[in-house]
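Work through the following exercises with the sequence and the model at hand, and attempt each task before reading its solution.

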Amino acid sequence: MALFLCLCVFVVVGLTLLAWQLKLRMSTHGHREPPCLPALPLIGSLLSLKSPHPPHVLFKELQMKYGQTYSLMMGSHNVIIVNQHVHAKEVLLKKGKVFAGRPRTVTTDVLTRAGKDIAFGDYSATWRFHRKIVHGALCMFGEGSTSIEKIICAEAQSLCSILSEAAAVGLALDLSPELTRAVTNVICSLCFNSSYCRGDPEFEAMLRYSQGIVDTVAKDSLVDIFPWLQIFPNADLRLLKRCVSIRDKLLQKKFDEHKEDYSDHVQRDLLDALLRAKRSAENNNTAEISAESVGLSDDHLLMTVGDIFGAGVETTTTVLKWAITYLIHHPQVQKRIQDELDSKVGGDRSPKLNDRGSLPYLEATIREVLRIRPVSPLLIPHVALNDTSLGDFTVRKGTRVIINLWSLHHDEKEWKNPELFDPGRFLDNDGTGLTIPSSSYLPFGAGVRVCLGEALAKMELFLFLSWILQRFTLSLPPGHTLPSLEGKFGVVLQPAKYKVNATPRPGWERQKCQAC
Ligand code: HEM
């Protein structure tokens, strides 16, 4: 009897979902639905997504069969995959506001107190106001202001001292932890006006919980596709909650300290800037929207800082690691950057932000790294907030949209030899000016959801790389094989682990150790 009942429930649920899918496929207003991968009731298209390749590569391959824009079912969610720049720009720019939603999942709810941050917050008046004040606060530290430059240069100096120490004793280093520390310290200084020395217990705790969060979020948990699985014990979700609670305690401590000695006249860091923006909006009765009227709470500010750590550390560190990996593979590119540095900056001073204009080959190399190995190959999923269309296809409200940046950056119609690492493609015909040769290039996304840290990330990439390459030549220790360029897909696309020798360049053999 019980078996019969279960069978009935299964058949009814199955038929309902099939009917629903059929409805989804039917056209409205003369538009058609995107081609869809086969889907079964409950599990959706999971069976068609079994592949030895990571999702961005699989989604690129599936274009051959389904076209550049197609859809699939993730459990009960309809997901459109976009593999070409015209549709990507329609989603991000032309209809940016319609596609500005974000999916809510079990994981993101734990991470962001149910979407009270920027990256996973749904598009709303609160979100718009929130993003505006964070953007304003970040701009105060942005280009033109010397403080962010000073913060990054202090960390670059400290990183170079560590490389010098290692070189002095002939030690090859895995640069990953050192780069993570340097980039984390930039974000700590920016957010809390504090930086940490190697081995500081609070800093080590921060690195541990961040890694815990990255590892669990990367697992692409089944509870996010089937939220009802939460009723079962789930080790990953438990670990995530533990790491988030450690993060939140630390954020709360910093937040309380800032509120205690906050002054309207001194702005030490981003947290002060956010507090000031929120207070002035609260006090400004004439403003059309104020912090109170849009419900911007302390939680929102705390989650913003959480976002800046979450979105700002792993991404920038990973791009630096990819840059170094490609320079090791292409010593002639490394040499050309060093020649440019020698002739434009020299050896008597360190590179500064305003050298960027005179170092086009270094800038072109950074652009090429961001193209060939986009750290966030699927961006963050977008959600259609209303019924709409994409090209000739109908899109229903609630549909998730994944922009496959990997396909855009490796589109053979847009890029000559897309797998070839060639910084020269970003230089003009004289080789002296910068250009973007294709519209199929969106390393930071675009439109209302464009990366909030783009300017900061570009400053960090430029300063860290120019400081290192001015002082050192990076190479593999003798007998080591070249690291793989394939990358491991997770929260970001990670290069392989390997060790490098940082050999001081002539004139830089005796650097003073300034690492703390
Ligand atoms: C090289 C380093 C970085 C790369 C390649 C990168 C790339 C991206 C991409 C592709 C997106 C998704 C856009 C979309 O969904 O349409 C994004 C979003 C975001 N990034 Fe970055 N990012 C980097 C560094 C940073 C830094 C340093 C910060 C912090 C200051 C940051 C903060 C954010 C935030 C808050 C969002 C969410 C924006 C929103 O949903 O409105 N990112 N980033």
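**Exercise 1.** Determine which residue the UniProt annotation "binding site" covers, and where that residue is found.

*Solution.* The unreviewed UniProt entry places the annotation on Cys451, with positions given in the numbering used here, feature names shortened, and annotations possibly inferred rather than shown by experiment. Residues are numbered from 1 along each chain as its sequence is written. This is a predicted model, in which local features need pLDDT of at least 70 and side-chain atom pairs count only at pLDDT 80 or more, while totals for chains, interfaces and linings use all residues. Cys451 is found in the loop between helix H15 (405–409) and H16, helices being DSSP runs of H or I with at least four residues, numbered from the N terminus.

**Exercise 2.** Is Cys451 buried or exposed?

*Solution.* Cys451 is buried because 20 other C-beta atoms lie within 10 Å; the cut-offs are 20 or more for buried, 12 or fewer for exposed, and partly exposed in between, with C-beta atoms placed from the backbone. Leaving out residues up to four places away in sequence, Cys451 touches Phe444 and Gly445 (C-beta atoms within 7 Å).

**Exercise 3.** Describe the shell around the ligand.

*Solution.* The ligand is surrounded by 24 residues, with Cys451 and Gly445 among the closest (a residue counts if its C-beta atom, placed from the backbone, lies within 6 Å). Two or more residues each come from helix H12 (298–329) and helix H16 (454–471), and H12 gives the largest share, seven residues.

Methods:
Contact = placed C-beta atoms within 7 Å.
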